[in-house]
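Colleague: Thanks for making time today. Could you walk me through a few strands and turns in this model?

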Amino acid sequence: MALSWGKRWIDVHAPPCWGTEPVSKDGDLLGYVTSGGMGWRTGKMLAVAWIERRDITIGDELDIQILTHDYVATVVADPIYDPQNAKLLG
C-alpha cells in the first residue's frame, strides 16, 4: 500500500503485535507497528503500522519482527471483515 500506514495480514501462527515492532522489506526498515492482534471474525492476525512511503503496493510481502523472529505480512487495502457474518454464524 503506497500510503504512510497500512493493514497487514500476518502469519496466523505469529504472536500478536502490541506496537513498536519493526516493519521491513528486503532488510530495509520501513516503519513500526502501532497496534495489532487477532482478528477473531476473520481468523487472521492483523497489524496496523506507520511505514515510510516507497514502492509498496497491495499484495507485497513485508517482514514484521515480533519477539526476535520475523513473520511475513501481506499488504492489504480493504477492511478485513466478514460482511455476511458467515464465520460468526457458523
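Colleague: Let's start with a loop. Between which two strands is Asp26 found?

Modeller: Happy to help, and please keep in mind that this is a predicted model. Asp26 has a positive phi of about 55° although it is not a glycine. As for its place, the loop that holds Asp26 lies between β2 (22-25) and β3 (28-39).

Colleague: Is Asp26 buried or exposed, and what is its relative accessible area?

Modeller: The cut-off for exposed is over 50% relative accessible area. Asp26 passes that mark, so it counts as exposed, and its value is 71%.

Colleague: Now the hairpin formed by β5 and β6: which residue in the turn has a positive phi?

Modeller: Most residues other than glycine have a negative phi. This hairpin has 2 residues between its strands, β5 and β6. The loop in question runs between β5 (61-66) and β6 (69-76). The residue there with a positive phi, about 50°, although it is not a glycine, is Leu67.

Colleague: What is the relative accessibility of Leu67?

Modeller: Exposed means over 50% here. Leu67 therefore counts as exposed, with a relative accessibility of 67%.

Colleague: How many bridges join β5 to β6?

Modeller: One place to look is Ile66, which stands opposite His69 in β6. The two strands β5 and β6 run antiparallel, and the number of bridges joining them is 6.

Colleague: Which side chains of β5 point to the buried face?

Modeller: In a regular strand the side chains alternate between the two faces of the sheet. β5 shows such an alternation: Glu61, Asp63 and Gln65 point to one face and are not buried. Pointing to the other face, and buried, are Leu62, Ile64 and Ile66.

Colleague: Which residue of β5 does Val23 stand opposite?

Modeller: β2 and β5 run antiparallel and are joined by 2 bridges. Across from Val23 in β5 stands Ile64.

Colleague: And Pro22: how far apart in space are Pro22 and Asp63, C-alpha to C-alpha?

Modeller: Pro22 has its place in strand β2. Leaving aside neighbours within four places in sequence, the residues in contact with Pro22 include Asp63, Ile64 and Gln65. Pro22 and Asp63 are 41 residues apart in sequence, while their C-alpha to C-alpha distance is 8.2 Å.

Colleague: Last one: is Pro22 buried, partly exposed or exposed?

Modeller: Buried means under 20% relative accessible area and exposed means over 50%, with partly exposed in between. Pro22 has a relative accessible area of 22%, so the term for Pro22 is partly exposed.

Technical notes. Residues numbered from 1 in each chain as written. Predicted model: local features only at pLDDT ≥ 70, side-chain atom pairs only at ≥ 80, totals over all residues. Heavy atoms only, no water. Helix = DSSP H or I, 4+ residues; strand = E, 2+ residues; numbered from the N terminus. Buried < 20%, exposed > 50% of the residue type's maximum accessible area, 1.4 Å probe, protein only. Contact = heavy atoms within 4.5 Å. Pairing = 2+ DSSP bridges.
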